[in-house]
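Dear colleague,

I am handing over the structure we spoke about, and I would be grateful if you could look through it alongside the notes in this message.

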Amino acid sequence: ERLAAEMNTLGDGEPLLLVNTLPWERTEPVMAEVLLPGFATQVAVIDRSGRSLPVQVIDRTDQAGGCLARICFVARMPALGCTVLRVVQGTGAGQERPLLAYGTTIESSRYRLAVDPETGWVASLYDIANGVECLAGPGCVPVVLEDPSDTWSHGVVGFRDEAGRFRGEAELVECGPVRAVLRVRQRFNESMVEQDFTVYSECDRIDCEMRIDWHERHRMLKLSLPVNVAAPRAIFEVPFGTIQRPGEGSEEPGQRWVDVEGVIGGECYGVLLANDSKYGYDFKNGELRVSLLRSPIYAFHEPRVPERHRKYLYTDQGRQVVRYTIVPHRGDWRDAGAVAVGASLNSPPILLWGEKRHGGRLGPEVSLLKVSPGSVIAEVLKYAEDGSGLIVRVRETAGSGTVASFELPLHGFSHRFAIGACEVKTFRVGRDGSVTETDLLERAI
């Protein structure tokens, strides 16, 4: 909000400030709610260069005689900064690469996603640009597994005893200039899953919002994604790095993303899956499964045995929402930009409505920090604890040493440095422009 107060919001219409909290430039879908004078009013979004963006109206709601419209558009955002967009009445730009939708299939210039209308499972994910079928079998399948273990799963290495699969129907609910959405509604016993698969005209990824209403006991829910590559391997994100874990079907921890890589046509190819809230996985024979929830008895420890007539509390009951992104790609996880994909999903842009006719000193767009090359990212930009300047903390993400630099555009300052594979470096930028490398406690080294 302090940053927004300094932005120049002069111009027509309503100023919408788009804040990117990540230290690299992003071009991503953005959702916003706009108050319009009536249901028939058209809306357009103008970027700082004066270009009209394609806009899709998702829904409209009565609002005290007016109309509250939820819209979607794709916008570019500067690295760790803010840009001012303008929301005006009018028609948004057309789309150069329109989406096609027929039955339960969506096709963009990059992907063709087909869902089985009788089960709701993804029947095909075809990479048009590379001529590759990404799936080795039904994908994005909610799989129910037997789980008689206690709260901490003592002595359990993996979960392989399948109790069944969610099944249901699929229908196309949106198709416009920005995105198309297939909605799947599935059931298992008294539990429900609803998945919205979204394909974009301008973004090379498939998004899914998964809404779960779970009422199983002593069972586990996983999301299955079998990847169609030879000699498959799974690369997991771990704190400040990556690790390849064995494909034995055992339960393994991971962070925001996992990439299943292998060989197709003699070349490296993979499918990246990132999610916003789940950190358990298993991998076997090319099939990646994300651990979504478990329902053992709450705080129940072996060797105790459940008593038939006692009432217990079970974990993970009720509703929750999981969002995940799938990115098929040529090359390995580095080529897929896995670190950026995982971070972007977990740190969506922040939207702020600005004051009209406000001429701030920062102009209509500002970037606070830039880092290059792309394999080196900033994790921290903050005031030094002793008040002596700014702290910039960076890390190398590709597993290869390099020469890098960071820039503070508002200060007209840049610094060049060497960094090793997966190394973390911290710098203090003094008020006089001096740069001192420090440890994590901000002590000079």
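What follows is a summary of what was found in it, ordered from the cores to the pocket and then to single residues.

Please keep in mind throughout that this is a predicted model.

The cores come first. The largest nonpolar core has 47 residues, and within it F197, I212, L292 and Y324 are those with the most contacts. Strand β18, which covers residues 206-214, supplies the largest share of this core, namely 5 residues. Another core, of 18 residues, lies apart from it and includes L16, L53, F73 and A75. To return to F197, its partners beyond four places in sequence include I106, L113, V115 and V122, together with C140, A180 and, once again from the list of most-connected core residues, Y324. The contacts of F197 also take in D207 and C208.

Helix α2, residues 338-346, has A338, V339, V341, G342, A343 and S344 as buried residues. These buried residues pack against β2 (26-36), β23 (257-264), β24 (267-275) and β27 (318-330), as well as against β31 and β32.

The strands β31 (376-383) and β32 (389-396) also appear in the largest pocket, where each of them gives two or more residues to the lining, as do α1 (2-5), β1 (14-20), β28 (350-353) and β35 (424-430). This pocket holds about 920 Å³ of space and is lined by 28 residues, with L368, L381, Y383, L390 and L410 lying nearest its centre. Sorted by class, the lining comprises 15 nonpolar, 7 polar and 6 charged residues.

Four single residues may deserve your attention when you open the model.

T426 sits in strand β35 and counts as buried because its relative accessible area is 2%, under the 20% cut-off. Its side chain forms a polar contact of 2.8 Å with the side chain of R393, and R393 is also listed among the contacts of T426, together with I391, V392, T436, E437, T438, D439 and L440, once neighbours within four places in sequence are left aside. T426 and R395 are 31 residues apart along the chain, and their C-alpha atoms are separated by 8.8 Å.

E261 belongs to strand β23 and is likewise buried, with a relative accessible area of 2%. The side chain of E261 reaches the backbone nitrogen of W333 at 2.8 Å, and the contacts of E261 outside its sequence neighbourhood of four places include W333 itself, D332, Y269, G270, R233 and I235.

S108 is found in the loop between β9 (105-107) and β10 (111-115), and it is buried, with a relative accessible area of 6%. A polar atom of the S108 side chain lies 3.1 Å from the backbone nitrogen of R110, while contacts of S108 beyond four places in sequence are made with L99, I128, V199 and Y200.

V227 also lies in a loop, the one between β19 (219-226) and β20 (230-238), and is buried with a relative accessible area of 4%. Not counting residues up to four places away in sequence, V227 touches C134, A136, V260, V271 and G286. P306, by contrast, is 79 residues from V227 in sequence and 39 Å from it in space, C-alpha to C-alpha.

With best regards

How values were computed:
Residues numbered from 1 in each chain as written. Predicted model: local features only at pLDDT ≥ 70, side-chain atom pairs only at ≥ 80, totals over all residues. Heavy atoms only, no water. Buried < 20%, exposed > 50% of the residue type's maximum accessible area, 1.4 Å probe, protein only. Contact = heavy atoms within 4.5 Å. 1 Å grid on protein atoms, 1.4 Å probe; cavity = no way out; pocket = protein on both sides within 12 Å on 5 of 7 lines; lining within 4 Å. Points joined across faces, edges and corners; volume = space filled by probe spheres on them. Nonpolar A, V, L, I, M, F, W, Y, C, P; charged D, E, K, R; others polar. Core = buried A, V, L, I, M, F, W, Y, C linked by side-chain atoms within 4.5 Å. Polar contact = N/O pair within 3.5 Å; in protein donor to acceptor, adjacent residues only side chain to side chain.
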